[in-house]
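The following exercises are to be worked with the sequence and the model at hand. Each task is followed by a solution in steps.

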Amino acid sequence: MESRPASAALFDRARHLMPGGVSSPVRAFRSVGGTPLFFERAAGSHFWDADGNEFVDFCLSWGPLILGHANPAVVEAVQRSAAKGLSFGACCAGEVELAGRIVDAFAGQHPRAAFEQVRFVSSGTEAVMTALRLARGASGRPLVLKFDGGYHGHSDSLLVKAGSGLATLGTSSSLGVNPAVAADTLVIPLDDDEALEEVFRSHGPQLAAAIIEPLPANNGLLPQRPEWLTRLRELCTQHAALLIFDEVITGFRLGFGGYGDALGVGADLVTLGKIIGGGMPVGAVVGPRSLLEQLAPVGGVYQAGTLSGNPVAMAAGCATLDLLSTGEPYQTLEDLGQTFDDTLNAELTELGPDAPALAWQRRGSLLWLHLSSAALPRRASAIDGQSAKRYAPLHKALLDEGQYLAPSAFEVAFLSTAHNHDQVRTLARSIARHAPRPETILT
Ligand SMILES: Cc1ncc(COP(=O)(O)O)c(C=O)c1O
């Protein structure tokens, strides 16, 4: 165990000054135990804590850093832009540049109403909030459908969980969310044919939109059956509800553009964040002009932001997309992912009956461990509750070896183009070595 006195001292101070010592809850290490590390600097696949300990980072700021930390071209673009002013609170060329890149990336991927416009905001939460207001404003309908376990940011109407039994009206999952607001969000399980038909049968005419990650990646990694997603698309069209793909994680992560389009299922609106800001705070709603122009100042759906379209953030986004646009990085990421799969498979085969209870789901540079002998789940309720308990000792063991995974069993790991095959092999071997064995029953 490495010594971390500087992080411990900072956390002691932080606890007095900030709730839980953190600016965002999952950073608090509550679900894995221990105390958070405080980081000082980062480059490529590594970051260093306040004690100078070095870690290979497989969390990567929760997704924006597909090129790794402090990519030189991105940093240079940021520095160049920052030297010319940090914020104008007025229009700048960077917005036009980034919007153009995003619209081009979404153009013609899938036959549906062309995605012609972008509204920039400063986070994924804001992007989703804006898309939902737009859907309600455009349709004049009150209800939104989401899927159990999906995280779409922390706006009131999405901090909801499924009600009990067959009820689909959401109940709030946070104090401070009015029950009336939560009740405007319907929640059904992923991968459930019957619930999908039923919710549209019962509420179709009142549904403004359904929102889903085309590859749910916030509560495990739960790829959906293409035919189920296609049926969701059909039902939305049939009932004139908008289909919103929340691609805050998947946008530009699995290919250059949206993952929904790659699946062949077109959404009416797409929300983006993370990668399009290259590590700076950016979110966006993308869609056809007919919808986007219902936003103010053209239309009556109000939305605004002091730092929206910030020039420095736009520069980071443009530099990131420019590096991704060749498509090559996606092959690099797939190769790294394949090395992870091959190494872990080989390790588990070698361990035979001594192998840990473990399965993993991977799509490109996203991977998720399910520490269970159960089948890989496609819906939140099928995630083995033991998996989270088994994750804590694994997380700690990896941290002590200098490998940083998300401090939560339900979060995915991210690979970047800055990782190399040796790092990925080491990760796979460490997982095989440290994951709890099948006989480990935790209560
Ligand atoms: C799919 C999805 N939507 C929305 C959000 C919220 O984004 P942000 O944290 O930038 O507000 C997240 C954050 O992880 C996300 O993964």
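The structure is a predicted model.

**Exercise 1. Determine which elements contribute to the lining of the second largest pocket, and describe that lining by residue class.**

Step 1. Begin with the elements: α3 (93-106) and β4 (117-121) each contribute at least two lining residues.

Step 2. Establish the extent of the space. The volume of the second largest pocket is about 460 Å³. Its lining comprises 23 residues, of which C91, E95, F120, S308 and G309 are the closest to the centre.

Step 3. Sort the lining by class: 13 residues are nonpolar, 8 are polar and 2 are charged.

**Exercise 2. Identify the edge strands of the open sheet of 4 strands and explain what their position entails.**

Step 1. Write down the strand order, which is β1-β2-β3-β15, with mixed pairing.

Step 2. Read off the ends. β1 (39-43) and β15 (403-404) are the edge strands, and each has a single partner, so one side of each lacks a neighbour in the sheet.

Step 3. Examine the contact of β15 with its partner. Strand β3 (residues 54-57) and β15 run parallel and are joined by 2 bridges. Within this pairing, V56 has Q403 of β15 as its bridge partner.

**Exercise 3. Decide whether strand β9 is enclosed or open to its surroundings, and trace its pairings.**

Step 1. Apply the burial criterion, under 20% relative accessible area. In β9 (residues 207-212), 6 of the 6 residues are buried, so the strand is largely enclosed by the rest of the structure.

Step 2. Consider the pairing with β5. Strand β5 (residues 143-147) runs parallel to β9, with 3 bridges between them; L145 is matched with A210 of β9.

Step 3. Consider the pairing with β10. Strand β10 (residues 242-246) pairs with β9 in the parallel sense over 4 bridges, and here A210 has L243 as its bridge partner.

Step 4. Follow the chain from β9 to β10. The path passes through helix α7 (residues 226-238), forming a right-handed β-α-β crossover.

**Exercise 4. Characterise the largest cavity by its volume and its lining.**

Step 1. Count the candidates: the whole structure holds 3 cavities of 30 Å³ or more. The largest cavity encloses about 90 Å³.

Step 2. Assign the lining to elements. β14 (366-370) and α13 (421-434) each supply at least two residues, and β14 gives the most, with 3.

Step 3. Classify the lining: 11 residues are nonpolar, none is polar and 1 is charged. Among the lining residues are W368, Y391, E411 and I431.

Notes. Residues numbered from 1 in each chain as written. Predicted model: local features only at pLDDT ≥ 70, side-chain atom pairs only at ≥ 80, totals over all residues. Heavy atoms only, no water. 1 Å grid on protein atoms, 1.4 Å probe; cavity = no way out; pocket = protein on both sides within 12 Å on 5 of 7 lines; lining within 4 Å. Points joined across faces, edges and corners; volume = space filled by probe spheres on them. Nonpolar A, V, L, I, M, F, W, Y, C, P; charged D, E, K, R; others polar. Pairing = 2+ DSSP bridges. Buried < 20%, exposed > 50% of the residue type's maximum accessible area, 1.4 Å probe, protein only. Right-handed = clockwise from strand over helix to strand, strands pointing away.
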